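Reader: I've got a two-chain model open and would like to talk through how it's put together. Can you take me through it, starting with any term I'll need?

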Amino acid sequence: MIDYIRLELPTSSRYTSTVRITAAGIAAELDFDVDFIEEFRMGVNELVALVIDSARAHDAARVHVDFLVEEHAIEVVCGFDSARADCVVEVDELAEQILDAVADEYRVEGTTIRLLKRRINERV
Amino acid sequence: MSGSELSPGEIATLFATYRSTRQRRDRNKLVEVHVSFARFIANRFMNRGVPTEDLHQIALLGLVKAVERFDPNLGAAFTTFAGRTIEGEVKRYFRDFTWSARVPRSAQELHLGVRRATDELITKLERSPTVQDIAMHLEIDRDDVVRGLAASAAFNSASLDSAGPCSSRSATDRTRALSSTDDRLAGTVDRVLVESLLTGLRERDRTVIELRYFDELSQSEIAERVGVSQMHVSRLLRRSLESLREQLSQ
């Protein structure tokens, strides 16, 4: 079963901490360990900051963050709506390094980035 | 990537800007100019069975955290702060992946830390501390403080701020609640805190405490169940409370 949680926020860096706390809260609720939570929080922070930057650059007013919560993994999908088809979230080198370090998987799909993090003992 | 690109003054200005605007461009620049510093710290841990590349990656994450958390107004130099943060991350890595004993750091532990810090700060500041106060006191992230606070709700404990039925004084002073009579304790003490502290007690002592405060049996009822005298129960309770109080003040 997948639980689905959505946040929608203005493109202001001021609310990234709200998203981080929500992320940590969800992970804590599922009893993920502290290291997971810390890494997950960092990944989500990066994701949201990247999307907010891109959204601003493309004059989008709001971004959305979806948490798809399973017992052994959490997927986060963060993005914004744009009328332009060529619009893509740009991932800088540092963000790439951070995401490589903390996320099990991530990928950019146009104006959206997805991040997947699995429970440690579920890693293959 | 070297620190020589920016003067100390420019770095200070950039930190001040980043603190107020939180632009990732500024953050990235601050990370970039300190990468070699982070590697320098990490290199102290070389030749201990962890590949240098991994060490550098851990150090980089530590550096990012340090940049995001650093408050120039506190007076410490960034390198001092970052050095400690990075070293902490690297040591944690060694602990997690190369040591056999892993220290549990649960949300509950965080919750207890936050609660303890709150009490200490109430006394020190003579007001209810802000999240920022607690974060500085414990040297942890503001988010973690919020998480610690949220954990209390998650564990379904009665709030310390709601005075128990028997309490005539402020119930926020946990130490006082613990040192007062056991009737008062039943109503005021944070159940979660007690539950966690109890794990440090011997099994019989724990049973006695649980029967008294969770099942709310009288001392004589407990005495009958455990098979000792009522006075014995009373002594056991007193001794356990003493031990809990000691743990609490640590």
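Author: Sure, one term up front: a crossing of two helices is right-handed if the near helix is turned clockwise from the far one by less than a right angle, and left-handed if anticlockwise. Also keep in mind that this is a predicted model.

Reader: With that in hand, which way does helix 2 of chain B cross helix 3 of chain B, left-handed or right-handed?
Author: The two helices pack with their axes 8 Å apart, at an angle of about 135°. As for how helix 2 of chain B passes helix 3 of chain B, the crossing is right-handed.

Reader: And is helix 2 of chain B oblique or roughly antiparallel to helix 3 of chain B?
Author: The angle between them is about 135°. Roughly antiparallel needs an angle over 145 degrees. Therefore helix 2 of chain B counts, relative to helix 3 of chain B, as oblique.

Reader: What sort of residues make up the contact of helix 2 of chain B with helix 3 of chain B?
Author: On the helix 2 side of chain B you'll find, among them, Leu30(B), Val31(B) and Val35(B). Helix 3 of chain B brings residues including Leu55(B), Ile58(B) and Glu68(B). The contact divides into three charged, three polar and 13 nonpolar.

Reader: Zooming out, what is the secondary structure of chain B?
Author: Reading from the N terminus, the elements go α-α-α-α-α-α-α-α-α-α-α-α-α. Of the 250 residues in chain B, 28% are buried. The tally for chain B is zero strands and 13 helices.

Reader: Which helix of chain B gives the most to the side that touches chain A?
Author: In the contact between the chains, 18 residues of chain B meet 18 residues of chain A. Helix 2 (24–43), helix 3 (52–69) and helix 7 (142–154) of chain B each supply at least two residues of that side. The side has nine nonpolar, three polar and six charged residues. The top contributor, with six residues, is helix 7 of chain B.

Reader: Over in chain A, how many residues of strand 1 are buried?
Author: Strand 1 of chain A covers residues 3–10, eight residues in total, and is hardly covered. To count as buried, a residue needs 20 or more other C-beta atoms within 10 Å of its own. For strand 1 of chain A, the buried count is zero.

Reader: Which residue is the bridge partner of Pro10(A)?
Author: Strand 1 of chain A pairs with strand 2 (residues 62–69) of chain A in the antiparallel sense, over eight bridges. In strand 2 of chain A, the partner of Pro10(A) is Arg62(A).

Note on methods: Residues numbered from 1 in each chain as written. Chains lettered and ligands numbered in written order. Predicted model: local features only at pLDDT ≥ 70, side-chain atom pairs only at ≥ 80, totals over all residues. Helix = DSSP H or I, 4+ residues; strand = E, 2+ residues; numbered from the N terminus. Buried ≥ 20, exposed ≤ 12 C-beta atoms within 10 Å, placed from the backbone. Contact = placed C-beta atoms within 7 Å. Nonpolar A, V, L, I, M, F, W, Y, C, P; charged D, E, K, R; others polar. Axes fitted to C-alpha atoms, helices over the stretch in contact; angles between N-to-C directions. Parallel < 35°, antiparallel > 145°, perpendicular 65-115°, else oblique. Pairing = 2+ DSSP bridges.
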